[in-house]
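Thanks for coming. I have one structure to go through today, and I will keep to pockets, rings and the core. Please have a look at it first.

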Amino acid sequence: NSPYTLWSRAQLYGGALHPRYGQTTLVDDFKQLGYTVAHLSGQDDSFGRSIELLGLDRVDYLYDARQDRARRTSRSTSAGSLQISWKLLLERVDEYLDGYDGDRPLFLYVNLVDTHFPYTHDELDDLLGVAPLSRYDISLANAEAVRAAYDNTAANVDVAIQRIVERFREAVAGDDHAILV
């Protein structure tokens, strides 16, 4: 409902169009039902007080881009700009799932951010035969090249989702689970 990532995630987690800090969230719902709750994010989730807004201070496992600041794909380490690639995030998901014991059901949230500005970085694979795009070439006059770069990034995210889903299914076993993308 909101084009702003912070608020759209808060709407999703809190189930309200007008989220508020300290609200009850999916974290609380799943924990109350006996789930292990893991949140892994390719961005800095301290931005905009996301931790408080989403209830991330109550998860069983929290990972975000701050923990791999040295391997960022963004130029900046500021909270609003810090990003890591889907490949690094997949490594962290794999590490988490390797240690998941399966004693309780799992609510796993993974936030892939590669399709955020500038829509490209060195860790993306050229899946669509698209030349890398400089951030300075992102303009209305270059709309087709920007769209092609974005499409290639989205194709990379599709690969990431496929791998995460495969890994999740392997870790939780059985068919009794739901996956939302």
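Which residues line the largest cavity? They are T73, S74, Q83, D114, H116, P118, T120 and H121. Before going further, I should say that this is a predicted model. The cavity has a volume of about 30 Å³, and a search of the whole structure finds one cavity of 30 Å³ or more. By class, its lining has one nonpolar, six polar and one charged residues.

Several of those names come back in the second largest pocket. Q83, H116, F117, P118 and T120 lie nearest the centre of that pocket, which is lined by 34 residues. The space in it is about 740 Å³. Its lining divides into 14 nonpolar, 14 polar and six charged residues. Helices α1 and α5 each supply at least two residues of this lining, and α5 gives the most, with three residues.

Now the largest pocket. About 1,200 Å³ of space lies in it. Its lining has 36 residues, and the closest to the centre are L108, Y109, I179, L180 and V181. As to class, 25 residues of the lining are nonpolar, eight are polar and three are charged. At least two lining residues come from each of α1 (5-14), α2 (26-32), β3 (106-111) and α5 (143-172). The largest share is from α5, with seven residues.

Next, the aromatic rings. The structure holds seven aromatic pairs, and I will show two. Y13 and Y109 are edge-to-face, with 5.2 Å centre to centre and 75° between the planes. Y13 is in helix α1 and Y109 is in strand β3, so this pair ties together parts that are 96 residues apart in sequence. Both Y13 and Y109 are buried.

The other pair is F30 with F107, and this one is stacked: 4.3 Å centre to centre, 10° between the planes. Here helix α2 carries F30 and strand β3 carries F107, so the pair ties together parts that are 77 residues apart in sequence. Are F30 and F107 buried or partly exposed? F30 has 21% relative accessibility and therefore counts as partly exposed. F107, at 14%, counts as buried, because the cut-off for buried is under 20%. F30 and F107 also belong to one aromatic cluster with Y35.

One more ring before I leave the aromatics. The charged end of R49 sits over the ring of Y21, 3.8 Å from the centre of that ring.

Last, the core. In soluble globular proteins, nonpolar side chains tend to be buried together. The largest nonpolar core in this model has 22 residues. Which residues have the most contacts inside it? They are L40, L106, L108 and L112. Two or more residues of this core come from each of β1 (36-41), α4 (86-99), β3 and α5. The largest share, seven residues, is from α4.

If you want one element to look at afterwards, take strand β3. It supplies at least two residues of the lining of the largest pocket, and it gives two or more to the core. It also holds Y109 and F107, one ring from each of the pairs I showed. That is what I have.

Note on methods
Residues numbered from 1 in each chain as written. Predicted model: local features only at pLDDT ≥ 70, side-chain atom pairs only at ≥ 80, totals over all residues. Heavy atoms only, no water. 1 Å grid on protein atoms, 1.4 Å probe; cavity = no way out; pocket = protein on both sides within 12 Å on 5 of 7 lines; lining within 4 Å. Points joined across faces, edges and corners; volume = space filled by probe spheres on them. Helix = DSSP H or I, 4+ residues; strand = E, 2+ residues; numbered from the N terminus. Nonpolar A, V, L, I, M, F, W, Y, C, P; charged D, E, K, R; others polar. Phe/Tyr/Trp six-rings, centres within 6.5 Å; stacked < 30°, edge-to-face > 60°. Buried < 20%, exposed > 50% of the residue type's maximum accessible area, 1.4 Å probe, protein only. Lys NZ or Arg CZ within 6 Å of the ring centre and 35° of its normal. Core = buried A, V, L, I, M, F, W, Y, C linked by side-chain atoms within 4.5 Å.
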